[in-house]
Amino acid sequence: MPQERQTLNYQHICASSSCDCGISRRDWLRITAMTGAAAAPLLRAGDAAARASKGDDVPVRIGYLPITDATPLLVAHSRQLFEAEGLRTEKPRLFRTWAQIIEAFVAGQVNVVHLLSPTTMFVRYGSQYGAKVVAWNHMNGSAIAVAKHINSVKDLGGQQVAIPFWYSIHNIVLQQLLRANGLKAVSKPRSGALAKDEVNLVVMPPAEMVSALASKSVAGYIVAEPFVAAAEVNGVGKVLRFVGDVWQNHACCLLTLSERDIAERPEWAQRVTNAVVKAQLWTRNNQLDTAKLLASSGPGKYTPHGLPALSKVLATSEMAQYERDGVIQHPEWKQRRIDFQPYPYASYTEELVKALQNTYVEGNTAFLEKLDPSFVARDLVDDRFVKQALQQVGGLKAFGYAESFTRQEVIAP
């Protein structure tokens with residue numbers, strides 16, 4: 001695989017009306033039209049380095065979904081950490097689906113986003129838009145919620161299960177669990193018959209999942225918090241497994257900027273990363289205050305969620321009960337329900353590529369088959385800014401981790 005940026009040309013992925021990858025045909029045509037127009041200047045991003053500026057005149061325009069994955073971005077905004085770095089900010093824009101946030105990012109309506117880790121590959125290599133990962137946004141923070149009569153993964157055979165997006169860690173881990181329990185993922189019309197060993201995957205916006213479980217239109221769903229905690233608080237479901245109990249300290253969402261912004265405004269990118277890293281550290285040490293900040297009753301009204309669900313996610317006091325109930329199968333990992341650490345380990349990106357290549361994904365997956373894991377780890381991720389940001393806050397040890405930029409991935413479904 002060459003060292004320079006890999007040039008892929010798969011702009012017709014998902015262009016057929018029969019494709020269901022969480023993006024409608026109309027959405028996809030809009031995105032590909034925009035990426036086509038943007039491709040030439042982005043591929044010349046290196047030439048823009050000579051025009052590099054501090055970017056003081058470019059406001060931070062955050063795009064986010066109302067999930068705890070967005071926490072560092074919202075904390076940084078609320079606590080004016082971007083302003084402390086000399087940046088201006090606009091009010092963060094809330095989106096309902098991943099398709100919407102991708103479209104807004106590609107269109108330049110927002111310039112600082114959190115994207116699902118596999119989605120960053122979809123955007124960069126599938127849609128040919130110059131997205132770059134500069135840091136992890138958070139770790140863990142997802143779970144499987146199921147109806148109360150479901151007591152094991154095997155009980156999901158013959159059932160409908162919702163996922164938020166084909167290109168998500170949720171889809172990857174769910175299918176790892178299904179395979180480990182003798183089940184297989186399929187994508188059929190909901191009215192279609194299912195064999196006992198089949199689990200029908202349904203792409204659904206996170207905001208619809210709790211009501212879908214309550215109405216019994218799905219037997220379960222896997223998604224970011226606090227939508228699993230909401231099922232518990234509302235008494236309509238329970239936790240079957242935490243995703244972080246399958247893939248140890250995995251990254252769910254990543255801090256993503258455009259390649260053009262990084263090339264033209266590297267100091268701006270550095271300041272954005274500094275603010276987000278400081279927000280992560282503050283969040284890790286102020287869990288309940290963070291829940292109050294994010295809640296619908298909070299001053300920023302960043303999410304529609306109540307304090308009980310958010311506190312359930314951000315506090316660590318209930319994890320011991322999940323261990324006693326057998327929900328947590330790897331107590332030796334001593335993980336939080338959601339945690340924060342910004343460094344993007346190359347081993348994770350490489351393993352993510354391999355895992356996604358072995359995961360059922362609806363639509364044309366030709367671009368996935370051509371991806372080389374080590375190349376993606378170098379090309380997708382730019383860790384210069386997060387390394388410098390970490391130096392300002394005391395390094396990885398400030399987050400409770402060893403001072404090493406390498407690690408071993410542990411996956412135990």
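Biologist: OK, so buried means under 20% relative accessible area, and exposed means over 50%. Where does that put Gln128, buried or exposed?

Modeller: Buried, because its relative accessibility is 15%. Keep in mind that this is a predicted model.

Biologist: Noted. Where is Gln128 in the chain?

Modeller: Gln128 is in the loop between helix 5 and strand 4. Its backbone is worth a look too: phi is positive, about 65 degrees, although Gln128 is not a glycine.

Biologist: And Lys334, what's its phi?

Modeller: Near 50 degrees, so that's a positive value in a residue other than glycine. Lys334 is in the loop between helix 13 and strand 13.

Biologist: Is Lys334 buried or exposed?

Modeller: Exposed, since its relative accessibility is 72%.

Biologist: While we're on backbone oddities, which peptide bond is cis?

Modeller: The one from Glu225 to Pro226, with omega near 10 degrees. Pro226 is in the loop between strand 10 (220–224) and helix 8 (227–233).

Biologist: Switching to sheets. What's the strand order in the open sheet?

Modeller: 8-9-7-10-6-11, so 6 strands with mixed pairing.

Biologist: Which strands are at the edges?

Modeller: Strand 8 (184–186) and strand 11 (238–242). Each has a single partner strand, so one side of each has no neighbour in the sheet. As for twist, neighbouring strands of this sheet are turned by 30 degrees against each other on average, ignoring direction.

Biologist: How do strand 7 and strand 9 pair?

Modeller: In the parallel sense, over 4 bridges, with strand 7 covering residues 160–163 and strand 9 covering 198–203. For one register point, take Val161: its bridge partner in strand 9 is Leu201.

Biologist: What about strand 12, how many of its residues are buried?

Modeller: 6 of the 6, residues 253–258, so strand 12 is largely enclosed by the rest of the structure.

Biologist: Which way do they point?

Modeller: Cys253, Leu255 and Leu257 go one way, while Leu254, Thr256 and Ser258 go the other, and all are buried. In a regular strand the side chains alternate between the two faces of the sheet.

Biologist: Which strands run antiparallel to strand 12?

Modeller: Strand 3 (residues 112–116) does, joined to strand 12 by 4 bridges. Strand 4 (residues 131–136) also runs antiparallel to strand 12, with 5 bridges. To anchor the register, Leu115 has Leu254 as its bridge partner in strand 12, and Ala131 has Ser258.

Biologist: Now aromatics. How many pairs does the structure hold?

Modeller: 13 aromatic pairs. One of them is Phe122 with Tyr167: their ring centres are 4.8 Å apart and the planes are at 35 degrees, so the pair is tilted. It links distant parts of the chain, with Phe122 in helix 5 (residues 117–126) and Tyr167 in the loop between strand 7 and helix 6, 45 residues apart. Phe122 and Tyr167 are both buried.

Biologist: What's the geometry of Phe242 and Tyr322?

Modeller: The centres are 5.0 Å apart and the planes at 85 degrees, so that pair is edge-to-face. Phe242 is in strand 11 and Tyr322 in helix 13 (residues 319–324), 80 residues apart, so this pair links distant parts of the chain as well. On burial, Phe242 has a relative accessible area of 5%, and Tyr322 has 8%, which makes both buried under the 20% cut-off.

Biologist: Which residues do ring pairs link into a cluster?

Modeller: Trp136, Trp247, Tyr343, Tyr345, Tyr348 and Phe405.

Biologist: Last one: Asn111. Where is it, and is it buried or exposed?

Modeller: Asn111 is in the loop between helix 4 (98–107) and strand 3. It's buried, because its relative accessibility is 4%.

Biologist: What does its side chain have as polar partners?

Modeller: Backbone atoms of Pro59 and Arg61, among them the Pro59 oxygen, 3.0 Å from a polar atom of the Asn111 side chain. The Arg61 backbone nitrogen is 2.7 Å from a polar atom of that side chain.

Biologist: And which residues is Asn111 in contact with, leaving aside neighbours within four places in sequence?

Modeller: Val58, Pro59, Val60, Arg61, Phe105, Thr256, Leu257, Asp261 and Trp268. Thr256 and Leu257 are both strand 12 residues, and they point opposite ways from that strand.

Note on methods: Residues numbered from 1 in each chain as written. Predicted model: local features only at pLDDT ≥ 70, side-chain atom pairs only at ≥ 80, totals over all residues. Heavy atoms only, no water. Pairing = 2+ DSSP bridges. Helix = DSSP H or I, 4+ residues; strand = E, 2+ residues; numbered from the N terminus. Axes fitted to C-alpha atoms, helices over the stretch in contact; angles between N-to-C directions. Buried < 20%, exposed > 50% of the residue type's maximum accessible area, 1.4 Å probe, protein only. Phe/Tyr/Trp six-rings, centres within 6.5 Å; stacked < 30°, edge-to-face > 60°. Polar contact = N/O pair within 3.5 Å; in protein donor to acceptor, adjacent residues only side chain to side chain. Contact = heavy atoms within 4.5 Å.
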